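Me: Please look closely at a single part of this structure, and describe it formally in one connected account. I would like each technical term to be explained where it is first used.

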Amino acid sequence: MSGLLIRPRIRPRVAVVLVYTAAMCMNGLDSTIVNPALYTIAGDFGRPLSAANTVETAFLVALAVGLPVAGWLGDRFGTKRVFLGSLTAFTVASAVCGLAPDLNTLVVARAVQGLAGGLLTPVGMTLLFRAFPPHERMKLAKVLIVPTALMPALGPPLGGLLTEHLSWHWLFFVNVPIGTAAVLLGVFGLREHVEGPEGKFDVLGFWLATPALGLLTYALGFGPSQGWTRPAVAVSAALGAVLLVAAVLHQVRAKTPLLRLRLLADRVYGSASALAGVTAAGLMGVLFVFPLLYQASLGASALDAGLSVFPEAVGLMLASQVVDRLLPKLGPRLLTVPALLVAAAVFATLAIPGVAENAWSVRGLMFLIGLVLGTAVLTVQISGFESIGPADMGQAMGLFQIVRTLGGALGIAACAAVIGGGHVTEAAADPGPYRTAVWVTAALVAAGALIALRLPREAPQPPPFDDEEEAPPGEGLAADEARAVKG
């Protein structure tokens, strides 16, 4: 009876925004929050640092494995059911991580977290974008920036703070109350949407795409630290590449593919997906390099390492305040290209000898990175799905997240390889390799400016017959989706 009293009071769009933000903040934060604590985790369990690195690799590999089926599962069983089920699994796995008595338990629980996170992100964004038509998505800038860019930036300082003043266990315990509250709100506030995919489940596509992404992510995670010639890494890289090629060939030819790769042929969506991969490579590469630079090369603590990138989060927040105002005036192309060029220049400045050793220089440059790169990331996310209809939204989100996830893994792997493979986490007196790694991220972001030239000049415009009124009580998400189709 209490559910009947509570449910009508929760506006569908408000519920979607709140549940999405809470879940994606947990997922985004967990992608970087453990990095500053790896030293401590290795020491507590009496294991070498190379073994502790498995904690992060397990999360990334499992996340990649979950992405290919996310769109199909959401369409087949309903976005609400799949999203809340994944959020519940993520929350329970977080509790297990915090209670882990040994490293093996922690790695397995992190893998469960990653698998649930791989489903959460595309299904959550499908919920969000189905609730808002293209011309209204500019209002979502303040929502999208938090989980996609702000939380990964906050991960290192928060991870260092909790590790030094409480314990690394709290890196995971913080998810439990947030996840529980989000699940309860979602149960009463979200409305179900079952798209009903045509045809049977693409079994062959599943057995090609899923292991391909998992093997490639594994190779990218362990290759730089353990050596690309190590049998497990070399076999994973080679087999993953072969399966990926086979998966692409199959998906293009299949009548009902697991992944609709043909969506990438759309000029705007394809360009936005490529940009998502490039910017993720640059951002995740910098977030990886700087904590290591401060700890290994400058002798700073875990907290200092995390705080070195914190000003980026402030810049990201400012970017979220201006994108929805600038995008309608300038359009996606004119807003994104200069932002990426400026971001590349700031990255390059960060690599100049003597700059990284000055704390205030680092803070100012990190703030600029957050401001300009955040502007580009938000613009790409908002404008990239303009031509994608509600029926294809689940598939498009899945592909988008796959490209972005692989881009981030490639960025980290490239930086780790430049720094020195197995020595990336050991004390090093020469900061030269770290600066070279930053130059690599600058080149990646600069390359993104060329891709951004394919973005449209004009921002999405509302149709002349658009109805801006909020859905009346009782209509729920169905009314919002009806307006989305009309828009």
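The second largest pocket and its helices

Reply: V252 counts as partly exposed, because its relative accessibility is 32% (under 20% relative accessible area means buried, over 50% exposed, and partly exposed lies in between, for a 1.4 Å probe and protein chains only). This is a predicted model, in which local features need pLDDT of at least 70, side-chain atom pairs count only at pLDDT 80 or more, and totals for chains, interfaces and linings use all residues. Residues are numbered from 1 along each chain as its sequence is written, and side-chain values use heavy atoms, with hydrogens and water left out.

V252 belongs to helix α12 (a helix is a DSSP run of H or I, at least four residues, numbered from the N terminus). V248 also lies in helix α12. With a relative accessibility of 37%, V248 is partly exposed as well. Between the C-alpha atoms of V248 and R260 there are 9.8 Å, although these two residues stand 12 residues apart along the chain.

V248 leads to the second largest pocket, whose volume is about 200 Å³ (a pocket is an open set of points on a 1 Å grid over the protein atoms alone, where a 1.4 Å probe fits, with protein on both sides within 12 Å along at least five of seven lines, and lining residues have an atom within 4 Å of a point; the volume is the space filled by probe spheres set on the points). There are 13 lining residues, and the closest to the centre of this pocket are L244, V248, L259, L261 and I402. Three helices each contribute at least two residues to the lining: α11, which spans 203–226, α12, which spans 231–253, and α18, which spans 393–419.

Helix α18 also holds G407. G407 is classed as buried because its relative accessible area is 7%. Its C-alpha atom is separated by 7.8 Å from that of T279, and the two residues are 128 residues apart along the chain.

Two residues of other elements may be set beside these. L106 is placed in helix α7. Because its relative accessible area is 0%, L106 is buried. From C-alpha to C-alpha, L106 and T54 are 9.5 Å apart in space, while 52 residues separate them in sequence. F132 is located in the loop between α7 (103–131) and α8 (141–165). F132 has 9% relative accessibility and therefore counts as buried. F132 and R13 are 119 residues apart in sequence, yet the distance between their C-alpha atoms is 8.3 Å.
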